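Subject: Structure handover

Hello,

Here is the structure I said I would pass on. Please look through it first, then read the notes below.

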Amino acid sequence: MSNSTTAEVKAGNRVIAWFTPQLPLARVAVFRVIVYIFVIIDVLTISADVIPHGWTPELYQPLWLA
């Protein structure tokens with residue numbers, strides 16, 4: 001149980017409402033689909049594999065610990 005008064009709850013709701021305005025649910029759903037599509041495209045095409053970036057012999061000298 002919370003010990004906050006109704007005035008504190010209302011003040012908290014006003015602060016949250018100021019930072020997060022009401023948006024239509026359809027707009028949120030379209031934005032979510034755009035983000036999903038971008039992530040798929042990024043993973044499959046835009047982001048290069050890390051293995052070619054790891055081979056730079058002029059910048060990397062391995063330590064011989066044996």
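Helices here are DSSP runs of at least four residues, numbered from the N terminus. With that in hand, the protein chain reads α-α-α along the sequence. It has three helices and zero strands.

Please keep in mind that this is a predicted model. The mean pLDDT of the protein chain is 78, and 68% of the residues reach at least 70. Confidence varies by element: helix H2 (residues 25-46) has the highest mean pLDDT, 91, and helix H3 (residues 51-54) the lowest, 66. Where pLDDT is low, the predicted coordinates should not be read in detail.

Now to H2. Does its length fit, and what should its 22 residues span? At 1.5 Å a residue the expected value is 32 Å, and the end C-alpha atoms of H2 are 30 Å apart, which agrees. Is H2 buried or in the open? The number of buried residues among its 22 is zero, so H2 lies largely in the open. For the protein chain as a whole, buried residues make up 0% of the 66.

On the surface, the protein chain exposes about 6,900 Å², and 71% of that comes from carbon and sulfur atoms. There is a nonpolar surface patch of about 1,200 Å², whose members include Phe-31, Tyr-36, Phe-38, Leu-44 and Ile-46. One of these, Tyr-36, lies in helix H2.

Last, the aromatic rings. The structure holds one aromatic pair. The ring centres of Trp-18 and Phe-19 are 4.8 Å apart and the planes are at 80°; an angle over 60 degrees counts as edge-to-face, so this pair is edge-to-face. Trp-18 and Phe-19 are both exposed.

Regards

Methods:
Residues are numbered from 1 along each chain as its sequence is written. This is a predicted model: local features need pLDDT of at least 70, side-chain atom pairs count only at pLDDT 80 or more; totals for chains, interfaces and linings use all residues. Side-chain values use heavy atoms; hydrogens and water are left out. pLDDT is the predictor's confidence in each residue, from 0 to 100. Helices (H or I, at least four residues) and strands (E, at least two) are DSSP runs, numbered from the N terminus. Patches are made of residues with over 30% relative accessible area and no salt bridge: like charges are joined within 9 Å, nonpolar side chains (Val, Leu, Ile, Met, Phe, Trp, Tyr) within 5 Å. Accessible areas come from the Shrake-Rupley method with a 1.4 Å probe; for residues, only the protein chains shown count as cover. A salt bridge is a side-chain nitrogen of Lys or Arg within 4 Å of a carboxyl oxygen of Asp or Glu. Rings of Phe, Tyr and Trp (its six-membered ring) pair if their centres lie within 6.5 Å; planes under 30 degrees apart count as stacked, over 60 as edge-to-face and the rest as tilted. Buried means under 20% relative accessible area, exposed over 50%, partly exposed in between (1.4 Å probe, protein chains only). The expected span of a helix is 1.5 Å times one less than its number of residues.
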